[in-house]
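Me: I have a structure open and would like to talk it through. Could we start with one residue and work outwards?

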Amino acid sequence: MKKSIIASLLMLTTAFAFAQDKPAPKPADWPELKTFHSVMAQTFHPSEEGDLKPIKERAGEMVTKAEALQKSTPPAEFKSDKIKAAVDNLVVGSKELKKLVDGKADDAVITKNLAGLHDTFHEIVGLCQKGDDHDDHGHDSHDGHKH
C-alpha cells in the first residue's frame with residue numbers, strides 16, 4: 001500500500017512538472033536583439049564619457065545589426081505591432097546616425113542621436129518584458145554592463 005501511494009505521488013509530481021508552462025522568453029532569448037545590444041553597449045557607454053570613436057567606427061555595423069534584427073524572427077511572445085514598429089524605428093534611427101557620422105556632424109548631434117537610438121532599443125526591451133515595469137528592466141545586470 002505504501003509503495004502504491006509513493007508511486008502515485010511520484011507520478012503526480014512528474015505530471016505536474018511536465019504540465020508547467022515553459023518560462024516566458026527574455027529579451028536575451030532573441031539572438032539578434034542580443035547582438036544589437038552588444039554593439040549598442042560598446043558604442044553608447046563610451047559616448048556617455050565623451051568618447052565617440054567607437055560609434056564613429058561602428059555606425060555601419062549598427063545599421064547592419066539593426067537590419068538583421070528587423071529581418072529576424074523573434075520569439076512568438078515578442079511578435080507584436082508595437083515591437084515591430086520600435087524595431088523599424090531602430091533601423092531608421094541607425095541609418096540616420098550613420099549619415100550623421102559619415103557627414104562628420106558635430107559631436108553633440110551624434111551624441112544626442114545615439115542617446116535617442118539607445119532609448120529606442122530600451123523601448124524594445126521593455127516591450128519584450130511583459131508585465132515588468134519598463135523603467136526597471138535589468139539595467140544593473142544586462143549582459144555584464146550597467147546602464
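Reply: Certainly. In this predicted model, Met62 touches Phe36, Val39, Met40, Thr43, Ile55, Ser94, Leu97, Leu114 and Leu117, leaving aside residues up to four places away in sequence.

Me: Which residues touch the most other members of the largest nonpolar core?

Reply: They are Trp30, Met62, Leu97 and Ile124, in a core of 27 residues. At least two residues of this core come from each of helix H2 (31–48), helix H3 (53–71), helix H4 (81–102) and H5.

Me: OK, helices then. At what angle do H3 and H4 pack?

Reply: The angle is about 160°, and the axes of H3 and H4 are 9 Å apart. H3 is therefore roughly antiparallel to H4, as an angle over 145 degrees counts as roughly antiparallel.

Me: Which residues make that contact?

Reply: On the H3 side they are Ile55, Lys56, Ala59, Gly60, Met62, Val63, Ala66, Glu67, Leu69 and Gln70. On the H4 side, the residues include Val87, Leu90, Ser94, Leu97 and Val101. Met62 thus appears again: it belongs to this contact, and Ser94 and Leu97 are among the residues that Met62 touches.

Me: And is the crossing left-handed or right-handed?

Reply: H3 passes H4 in a left-handed crossing.

Me: New topic: Thr120. Where does it lie?

Reply: Thr120 lies in helix H5, which covers residues 107–128. Leaving aside residues up to four places away in sequence, Thr120 touches Ala86, Asn89 and Leu90.

Me: Why does Thr120 count as buried?

Reply: Thr120 counts as buried because its relative accessibility is 15%, and buried means under 20%.

Me: How much of the chain is buried?

Reply: Buried residues make up 35% of the 147 residues.

Me: Zooming out, how many helices and strands are there?

Reply: The chain has 5 helices and 0 strands, and its pattern along the sequence is α-α-α-α-α. Of the contacts between residues at least 6 apart in sequence, 68% join residues at least 24 apart.

Me: Last thing: what is the mean pLDDT of the chain?

Reply: The mean pLDDT is 81, with 73% of the residues at 70 or more.

Me: Where does pLDDT stay under 50?

Reply: It stays under 50 over residues 131–147. The model has 29 contacts beyond four places in sequence for that stretch. Where pLDDT is low, the predicted coordinates should not be read in detail.

Notes: Residues numbered from 1 in each chain as written. Predicted model: local features only at pLDDT ≥ 70, side-chain atom pairs only at ≥ 80, totals over all residues. Heavy atoms only, no water. pLDDT = per-residue confidence, 0-100. Contact = heavy atoms within 4.5 Å. Helix = DSSP H or I, 4+ residues; strand = E, 2+ residues; numbered from the N terminus. Buried < 20%, exposed > 50% of the residue type's maximum accessible area, 1.4 Å probe, protein only. Core = buried A, V, L, I, M, F, W, Y, C linked by side-chain atoms within 4.5 Å. Axes fitted to C-alpha atoms, helices over the stretch in contact; angles between N-to-C directions. Parallel < 35°, antiparallel > 145°, perpendicular 65-115°, else oblique. Left-handed = near helix turned anticlockwise from the far one by under 90°.
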